[in-house]
Amino acid sequence: MKKDKSIYTFNFNEITDLTQLCEKVKELPQFNHWTDSIGLSPYLQKNFTLILNALIHTSFVHEQPQMNLVSYERLEFLGDAFLDSEISLMLWQQFPGLSEGQLSK
């Protein structure tokens, strides 16, 4: 699977798991530019597999069965719950006069 060479520059058949995929991605110049530009936290730099797993679509998991990957759907559940909580708290604090129904809308 080689799409745009600026995105995929390695042979997926040589990669057998998420850890190897992470190492290959970290070697890409685009990765260093991206991490520098967003200011990736030290925790996420050390645990890059969390970021990569959060970006893996189900179709990619099916296209690369030899890698034994898991899609982002499980993390998406956790991320959605986290965002719901943060947004609810922001709305609660910013609009103290609104009812539950108004806040939900």
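A biologist asks and a modeller answers about a predicted model of one chain.

Biologist: What is the mean pLDDT of the chain?
Modeller: This is a predicted model. In the chain, 88% of the residues reach a pLDDT of 70 or more. The mean pLDDT is 77.

Biologist: Which helix has the highest mean pLDDT among the elements, and which the lowest?
Modeller: Helix 7 covers residues 100–104 and has a mean of 90, the highest. Helix 2 covers residues 29–38 and has a mean of 72. The highest is thus found in helix 7, the lowest in helix 2.

Biologist: Over which residues does pLDDT stay under 50?
Modeller: The stretch includes the start of the numbering. The model gives this stretch nine contacts beyond four places in sequence. The residues are 1–6.

Biologist: How many helices and how many strands does the chain have?
Modeller: From the N terminus on, the elements run α-α-α-α-α-α-α. The count is seven helices and zero strands.

Biologist: What share of the residues counts as buried?
Modeller: Buried means under 20% relative accessible area. The chain has 105 residues. The buried share is 22%.

Biologist: How much of the accessible surface belongs to carbon and sulfur atoms?
Modeller: The accessible surface of the chain comes to about 8000 Å². The share of carbon and sulfur atoms is 57%.

Biologist: Where on helix 1 are Leu18, Leu21, Cys22 and Val25, on the same side or on opposite sides?
Modeller: Helix 1 spans residues 18–27, and Leu18, Leu21, Cys22 and Val25 are buried there. They cover an arc of only 100° around the axis, so they share a side. The answer is the same side of helix 1.

Biologist: Is Val25 buried or exposed?
Modeller: Val25 lies in helix 1. Its relative accessible area is 14%. The cut-off for buried is under 20%. Therefore Val25 is buried.

Biologist: How far apart in space are Val25 and Phe48?
Modeller: In sequence, Val25 and Phe48 are 23 residues apart. From C-alpha to C-alpha, the distance is 9.8 Å.

Biologist: Which residues does Ala54 contact, leaving aside its neighbours within four places in sequence?
Modeller: Ala54 sits in helix 4, residues 48–55. Its relative accessibility is 36%, so Ala54 counts as partly exposed. Ala54 and Ser71 are 17 residues apart in sequence and 7.3 Å apart in space, C-alpha to C-alpha. The contacts asked for are Tyr72 and Leu75.

Biologist: Which residues make the nonpolar surface patch of about 420 Å²?
Modeller: Start with Phe82, in helix 6, residues 73–94. Phe82 has a relative accessible area of 52%, so Phe82 is exposed. The patch is made by Phe82, Leu83, Ile87 and Met90.

Biologist: What part of the contacts with a separation of 6 or more joins residues 24 or more positions apart?
Modeller: The contacts counted here are those in the chain with a separation of 6 or more. Residues 24 or more positions apart account for 38%.

Methods. Residues numbered from 1 in each chain as written. Predicted model: local features only at pLDDT ≥ 70, side-chain atom pairs only at ≥ 80, totals over all residues. Heavy atoms only, no water. Patch = residues over 30% accessible without salt bridge, like charges linked within 9 Å, V, L, I, M, F, W, Y side chains within 5 Å. Areas by Shrake-Rupley, 256 points an atom, 1.4 Å probe, with all protein chains shown as cover. Salt bridge = Lys/Arg side-chain N within 4 Å of Asp/Glu carboxyl O. Helix = DSSP H or I, 4+ residues; strand = E, 2+ residues; numbered from the N terminus. Buried < 20%, exposed > 50% of the residue type's maximum accessible area, 1.4 Å probe, protein only. pLDDT = per-residue confidence, 0-100. Contact = heavy atoms within 4.5 Å. Arc of directions from axis to C-beta.
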